[in-house]
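Let's take a walk through this model together, one stop at a time. Keep the sequence and the 3D view side by side as you read.

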Amino acid sequence: MDAKLTLSFDKEIISKAKKFAEEKGISVSRLTEYLFKRITTQPKNYASIDDIPVADFIWELQEPSEEYIRTPISKSRKKEYYEAKNKKAKAK
């Protein structure tokens, strides 16, 4: 069951949080809820606010990284490329 909570943050932080949440396709409310859930359900005792694993939280929300797949160029394509390059150089 959802309940409302009023929080106050610096305007710049709110703006950045809204942008971040929009980029990730979630609401600021769900983003905040997720962070609170992470820090309250893990069996760690945080000595200070700096010990909270915010970086782990951000990595979990991050989209999967792009995988660059390089396809080998055939010898005929290489030959075609260098011939075109040589023609262009000779034309100058």
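A good place to begin is I14, which is partly exposed, with a relative accessible area of 32%. This residue belongs to helix α1. If you look from I14 across to V28, you will find the two C-alpha atoms 8.8 Å apart in space, while 14 residues separate them in sequence. I14 also takes part in a nonpolar surface patch of about 560 Å², together with L5, L7, F9, I13 and F36. One member of that patch, F9, sits in the segment before α1. With 49% relative accessibility, F9 is classed as partly exposed, because the exposed class begins over 50%.

Before going further, let's step back to the whole chain. Please keep in mind that this is a predicted model. The mean pLDDT of the protein is 76, and 65% of its residues reach 70 or more. Confidence varies between elements: helix α1 (residues 11-24) has the highest mean pLDDT, 87, and helix α3 (residues 54-61) the lowest, 60. What secondary structure elements are there in the protein? It has 4 helices and 0 strands, so to speak of order along the chain from the N terminus is to read α-α-α-α. Of the 92 residues in the protein, 7% are buried.

Now back to α1, and to how this helix starts and ends. At its start, a side-chain oxygen of D10 comes to within 2.9 Å of the backbone nitrogen of E12. The length of the helix can be checked as well: at 1.5 Å a residue, its 14 residues should span 20 Å, and the C-alpha atoms at its ends are indeed 20 Å apart, which agrees. Just after α1 comes G25, with a positive phi of about 75°.

E12 has a second role to look at, this time through its side chain. It forms a salt bridge with K16, with 3.1 Å between the closest N and O atoms. Why do these two fit together along the helix? E12 and K16 are 4 residues apart in helix α1, so about one helical turn separates them. As for their surroundings, E12 counts as partly exposed at 48% relative accessibility, whereas K16 is exposed, with a relative accessible area of 51%. The two values fall on either side of the 50% cut-off, and that is why the classes of E12 and K16 differ.

The E12 pair belongs to a total of 3 salt bridges. Another one joins the side chains of D2 and R30, at 2.8 Å from N to O. Because D2 lies in the segment before α1 and R30 in helix α2 (residues 28-41), this pair ties together parts that are 28 residues apart in sequence. D2 is exposed, with a relative accessible area of 57%, while R30 counts as partly exposed at 39% relative accessibility.

R30 has another partner too. E33 forms a salt bridge with R30, and here the closest N and O atoms are 2.5 Å apart. The two are 3 residues apart in helix α2, so about one helical turn lies between them. E33 counts as partly exposed, at 40% relative accessibility. Through shared partners, salt bridges join D2, R30 and E33 into one network.

Stay in helix α2 for a moment, where S29 is also placed. Is S29 buried or exposed? At 53% relative accessibility, S29 counts as exposed. Its C-alpha is 9.5 Å from that of K4 in space, although S29 and K4 are 25 residues apart in sequence.

The walk ends at helix α4 (residues 75-91). For its 17 residues, 1.5 Å a residue gives an expected span of 24 Å, and the end C-alpha atoms are 24 Å apart, which agrees. How many of the residues of α4 are buried? The number is 0 of 17, so α4 lies largely in the open.

Conventions. Residues numbered from 1 in each chain as written. Predicted model: local features only at pLDDT ≥ 70, side-chain atom pairs only at ≥ 80, totals over all residues. Heavy atoms only, no water. pLDDT = per-residue confidence, 0-100. Expected span 1.5 Å × (residues − 1). Polar contact = N/O pair within 3.5 Å; in protein donor to acceptor, adjacent residues only side chain to side chain. Patch = residues over 30% accessible without salt bridge, like charges linked within 9 Å, V, L, I, M, F, W, Y side chains within 5 Å. Areas by Shrake-Rupley, 256 points an atom, 1.4 Å probe, with all protein chains shown as cover. Salt bridge = Lys/Arg side-chain N within 4 Å of Asp/Glu carboxyl O. Buried < 20%, exposed > 50% of the residue type's maximum accessible area, 1.4 Å probe, protein only.
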